[in-house]
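Biologist: I have the coordinates open. Can you walk me through what is worth looking at?

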Amino acid sequence: MAPKRFRNPFNGVVDMITEMNRISDTMSSIESNQAGERERGHSDAWSPPTDILASGRDLIVRCEVPGVYEEDIDISFNHSVLTISGERRRDEDDVEYYSSERFMGTFRRDISVPEDVKPADIEATYGEGLLVVVVRGAADSAAPREITVKRRKR
């Protein structure tokens, strides 16, 4: 039997309070028949369903973004944070929706990656609504260092 990995470098990626607030706002807008009318910003952008997994030495990030054109997806990397953002656009203005359950507008995911990752280590592909980002060598990085808390002198 293979040894189990116990360290999860992405523990805490989703801020539960922010996500619960987003869900609450969505439910209240549906109840008041204002679903989809309000523009969303980065602070309350919808988050696509995302899997983060290790495959050998590589980290794999898979985001489900059906209905988003590849030119509407932006991937950036700065200070050990991989940012996946973009926009799912509504149809033309002359369309009247009878029901609208999919999130529209901007989306954003910020994912912390190990400090030794370089932009050349990151590769992204997109097809059939699935964005796959491979971060080469990132699953082999050392576990986080523990910092000892000392008593402050007055």
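Biologist: Is S7 buried or exposed, going by its residues?

Modeller: This is a predicted model, to begin with. Five of the six residues of S7 are buried, so S7 is largely enclosed by the rest of the structure.

Biologist: Which strand does S2 pair with, and in what sense?

Modeller: S2 and S7 run antiparallel and are joined by six bridges. Within that pairing, Ile60 has Val134 of S7 as its bridge partner.

Biologist: And how many bridges are there between S6 and S7?

Modeller: Six bridges, with S6 (residues 122-127) and S7 also paired in the antiparallel sense. Thr125 is matched with Val132 in S7, and Ala124 is opposite Val133.

Biologist: What links S6 to S7?

Modeller: The two strands form a hairpin with two residues between them. Glu128 lies in the turn and has a positive phi of about 50°.

Biologist: Back to the interior. How many residues are in the largest nonpolar core?

Modeller: That core has 19 residues. Val61, Leu82, Ile84, Phe107, Leu131, Val133 and Val135 have the most contacts inside it. The elements that give two or more residues to it are strands S2 (58-64), S4 (81-88), S5 (105-112) and S7 (130-135).

Biologist: Why would such residues gather there?

Modeller: In soluble globular proteins, nonpolar side chains tend to be buried together.

Biologist: Take Leu131. What does Leu131 touch?

Modeller: Leaving out residues up to four places away in sequence, Leu131 touches Val61, Arg62, Cys63, Val65, Ile73, Ile75, Ile84, Ala124, Thr125 and Tyr126.

Biologist: New topic: backbone angles. Which residues sit in the loop between S3 and S4 with a positive phi?

Modeller: His79 is in the loop between strand S3 (73-78) and S4, and its phi is near 50°. Ser80 is in that loop too, with phi near 65°. Neither is glycine.

Biologist: Is His79 buried or exposed? And Ser80?

Modeller: His79 counts as exposed because its relative accessibility is 70%, and the cut-off for exposed is over 50%. Ser80 is buried, with a relative accessible area of 17%, where buried means under 20%.

Biologist: Last one, the surface. Which residues make the nonpolar patch of about 280 Å²?

Modeller: Met20, Ile23 and Met27 make that patch. Ile23 is in helix H1 (residues 16-31).

Biologist: How accessible is Ile23?

Modeller: Its relative accessibility is 37%, so Ile23 counts as partly exposed.

Notes: Residues numbered from 1 in each chain as written. Predicted model: local features only at pLDDT ≥ 70, side-chain atom pairs only at ≥ 80, totals over all residues. Heavy atoms only, no water. Core = buried A, V, L, I, M, F, W, Y, C linked by side-chain atoms within 4.5 Å. Buried < 20%, exposed > 50% of the residue type's maximum accessible area, 1.4 Å probe, protein only. Helix = DSSP H or I, 4+ residues; strand = E, 2+ residues; numbered from the N terminus. Contact = heavy atoms within 4.5 Å. Pairing = 2+ DSSP bridges. Patch = residues over 30% accessible without salt bridge, like charges linked within 9 Å, V, L, I, M, F, W, Y side chains within 5 Å. Areas by Shrake-Rupley, 256 points an atom, 1.4 Å probe, with all protein chains shown as cover. Salt bridge = Lys/Arg side-chain N within 4 Å of Asp/Glu carboxyl O.
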